[in-house]
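Reader: Please take a close look at the side-chain contacts in this model, both the ring contacts and the charged ones. I would like distances, angles and burial where they are available, in one connected account.

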Amino acid sequence: MKWFYTTRGGSRFILIIGNFVLKFPYYRTVGEGIKQNKYEWQNRNRSKYLTKLYVSLPFGLCNIAERVTPLNKYDYSRLDLKEYFKVKVKSEEELRFLLVDSFSRNFGRRKNGDVVKLDWGYENESS
């Protein structure tokens, strides 16, 4: 795993340094990135199967989260997320929240092997 690299999502620029992920609003979609950072922070405790958010800077300018290993396409294709989370979560509401936008890029594994959701931006709530 690389110690440092960058990537970009739909509305956020992602900086990965060591064990931390920093999510900044992307300059072309600043408003959307800010909304997503704020939404993630507000909903960070909805499930223990979300990546840990350590800090959110004021106004949604940056979220700092734990780094996990993204699921590769092979692992994702072998894993039935609904069944995996169904036996682990406490409620149907939590299960629905985790399964919105169930794309492989939105999930990863912690060092202990738990699968967690990496991204749960605000538009997911209406799905």
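**Side-chain contacts: rings and charges**

Author: Arg44 sits over the face of Trp41, 3.7 Å from the ring centre. Bear in mind that this is a predicted model. Another arginine placed over a ring is Arg46, which lies over the face of Phe97 at 3.9 Å from the ring centre.

Next come the contacts between rings. The structure contains five aromatic pairs. One of them joins Phe20 and Tyr54 in an edge-to-face arrangement, with 5.9 Å from centre to centre and 70° between the planes. This pair links distant parts of the chain, since Phe20 belongs to strand 3 and Tyr54 to strand 4 (residues 53-56), 34 residues apart. How exposed are these two rings? Phe20 has a relative accessible area of 41%, so Phe20 is partly exposed. Tyr54 has 40% relative accessibility and therefore also counts as partly exposed.

For Phe85 and Phe107, the ring centres are 6.1 Å apart and the planes are at 40°, so this pair is tilted. Again the contact links distant parts of the chain: Phe85 is in helix 3 (residues 81-86), Phe107 is in strand 7 (residues 107-109), and 22 residues separate them. Are these two residues buried or exposed? Phe85 has 0% relative accessibility and so counts as buried. Phe107 is buried too, with a relative accessible area of 0%. Both Phe85 and Phe107 belong to a cluster that ring pairs build together with Tyr49 and Tyr84.

The charged contacts follow. Side chains of opposite charge can pair when their charged atoms come close. Here the count is five salt bridges. One of them is between Glu40 and Arg12, whose closest N and O atoms are 3.0 Å apart. This salt bridge links distant parts of the chain, with Glu40 in helix 1 (residues 30-42) and Arg12 in strand 2 (residues 12-17), 28 residues apart. Glu40 and Arg12 are both buried.

Arg12 has a further partner: the side chains of Asp119 and Arg12 meet in a salt bridge at 2.7 Å, N to O. Asp119 is in the segment after strand 8 (115-117) and Arg12 in strand 2, which puts the two residues 107 apart, in distant parts of the chain. How accessible is each end of this pair? Asp119 has a relative accessible area of 24%, so Asp119 is partly exposed. Arg12 has 4% relative accessibility, which is why Arg12 counts as buried; the cut-off for buried is under 20%.

Glu40 also has a further partner, namely Lys23, and the closest N and O atoms of that salt bridge are 3.1 Å apart. Glu40 lies in helix 1 and Lys23 in strand 3 (residues 20-25), so the contact ties together parts 17 residues apart in sequence. Both Glu40 and Lys23 are buried.

What do these salt bridges form when taken together? Arg12, Lys23, Glu40 and Asp119 are linked in a network of salt bridges. Within the network, Glu40 pairs with Arg12 and with Lys23, while Arg12 pairs with Glu40 and with Asp119.

Key
Residues numbered from 1 in each chain as written. Predicted model: local features only at pLDDT ≥ 70, side-chain atom pairs only at ≥ 80, totals over all residues. Heavy atoms only, no water. Salt bridge = Lys/Arg side-chain N within 4 Å of Asp/Glu carboxyl O. Helix = DSSP H or I, 4+ residues; strand = E, 2+ residues; numbered from the N terminus. Buried < 20%, exposed > 50% of the residue type's maximum accessible area, 1.4 Å probe, protein only. Phe/Tyr/Trp six-rings, centres within 6.5 Å; stacked < 30°, edge-to-face > 60°. Lys NZ or Arg CZ within 6 Å of the ring centre and 35° of its normal.
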